[in-house]
Amino acid sequence: MFKLILPLFFVLQSAWVYSQADTARIYTSLSEALINPLQVYKLKLSKLNLKEFPIEILQLKNLQFLDLSKNKIVKIPAQINQLTNLKTLNISKNKIETLPNEISELLQLEKLIVSQNNLIYLPENIGNLEQLKVLDLWDTEITSLPQSAVNLKNLKYLDLRHIQLNPREQEAIKKLLPHAKIYFSPACNCGN
């Protein structure tokens, strides 16, 4: 009997954690969030002029929503893979040039918003993010996607506007992700 009840307990506990996140308060102060780190599901630290990723965020083990947009962050640390419950990551409007390979270990991630950064390429193993539904690369320097992106079967929305892509590059991306709605700016005659 105990063997039957224990798995049920874990399923119910997991469901409770996710329902808590839906109605959870959005913390806008990291110091306040760190008072009870395991009770923090949503953290919004946008427009704070942050120049570095606050490493203390990694203490928020149940974090599902992280917004670090509109700062001056240059680098996302490899340790971001410790945020295993993360579903939404918004790091738009920063100064990020690369993403660590470890970002592909965030297997619960559904939304990755990296728009308006200096991002040149995505990690080669980005296709590991099989739960990803939204990938926003608007106004970055990306000109192609890694071949592993073909594994992004749940991707519904890909924003590649404000990126100079020639027709050949656009067609290659469409073939890689035929099931996703892809937004491009008009094709350019660049790089032909």
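**Exercise 1.** In which loop does N49 lie? Then describe its backbone and its accessibility.

*Solution.* The coordinates belong to a predicted model, which should be kept in mind throughout. As a starting step, place the residue: N49 lies in the loop between β2 (42–44) and β3. Next, read its backbone torsion, where phi of N49 is near 65°, a positive value in a residue that is not glycine. Most residues other than glycine have a negative phi. Finally, consider the solvent: N49 counts as partly exposed because its relative accessibility is 41%, and the class of partly exposed residues runs between 20% and 50%.

**Exercise 2.** Examine K70 and Q79, and state where in the chain each is found and how accessible each is.

*Solution.* Begin with K70, which is found in the loop between β3 and β4 and which, although it is not a glycine, has a positive phi of about 60°. With a relative accessibility of 38%, K70 counts as partly exposed. Turn then to Q79, which is found in the loop between β3 (65–67) and β4 (88–90); its relative accessibility is 36%, and therefore Q79 counts as partly exposed. To relate Q79 to another part of the chain, take the C-alpha atoms of Q79 and L58, which are separated by 7.6 Å while the two residues stand 21 apart along the chain.

**Exercise 3.** Determine how the buried residues of α3 are arranged around the helix, and what they pack against.

*Solution.* Helix α3 spans residues 167–176, and in it E169, Q170, I173 and L176 are buried. Seen down the axis of α3, these buried residues fall within an arc of 125°, so they line one face of the helix. The face turned away from that buried side carries the exposed residues R168 and K175. As for packing, the buried residues of α3 pack against β7 (157–160) and β8 (181–184). At the N-terminal end, α3 is capped by N166, a side-chain oxygen of which lies 3.0 Å from the backbone nitrogen of R168.

**Exercise 4.** Work out how β7 and β8 are joined, and describe the two faces of β8.

*Solution.* Consider the pairing before the connection: β7 and β8 pair in the parallel sense over four bridges, and Y157 has K181 in β8 as its bridge partner. Between these strands the chain crosses from β7 through α3 to β8, a β-α-β crossover that is right-handed. For the faces, recall that in a regular strand the side chains alternate between the two faces of the sheet. In β8, I182 and F184 form the covered face, whereas K181 and Y183 form the uncovered one.

Definitions and conventions:
Residues are numbered from 1 along each chain as its sequence is written. This is a predicted model: local features need pLDDT of at least 70, side-chain atom pairs count only at pLDDT 80 or more; totals for chains, interfaces and linings use all residues. Side-chain values use heavy atoms; hydrogens and water are left out. Buried means under 20% relative accessible area, exposed over 50%, partly exposed in between (1.4 Å probe, protein chains only). The arc is that of the directions from the helix axis to the C-beta atoms. Contact means heavy atoms within 4.5 Å. A polar contact is a pair of N or O atoms within 3.5 Å; within protein, one must be able to donate a hydrogen and the other to accept it, and residues adjacent in sequence count only if both atoms are side-chain atoms. Two strands pair if DSSP finds at least two bridges between them. A crossover is right-handed if, with the strands pointing away from the viewer, the path from the first strand over the helix to the second runs clockwise.
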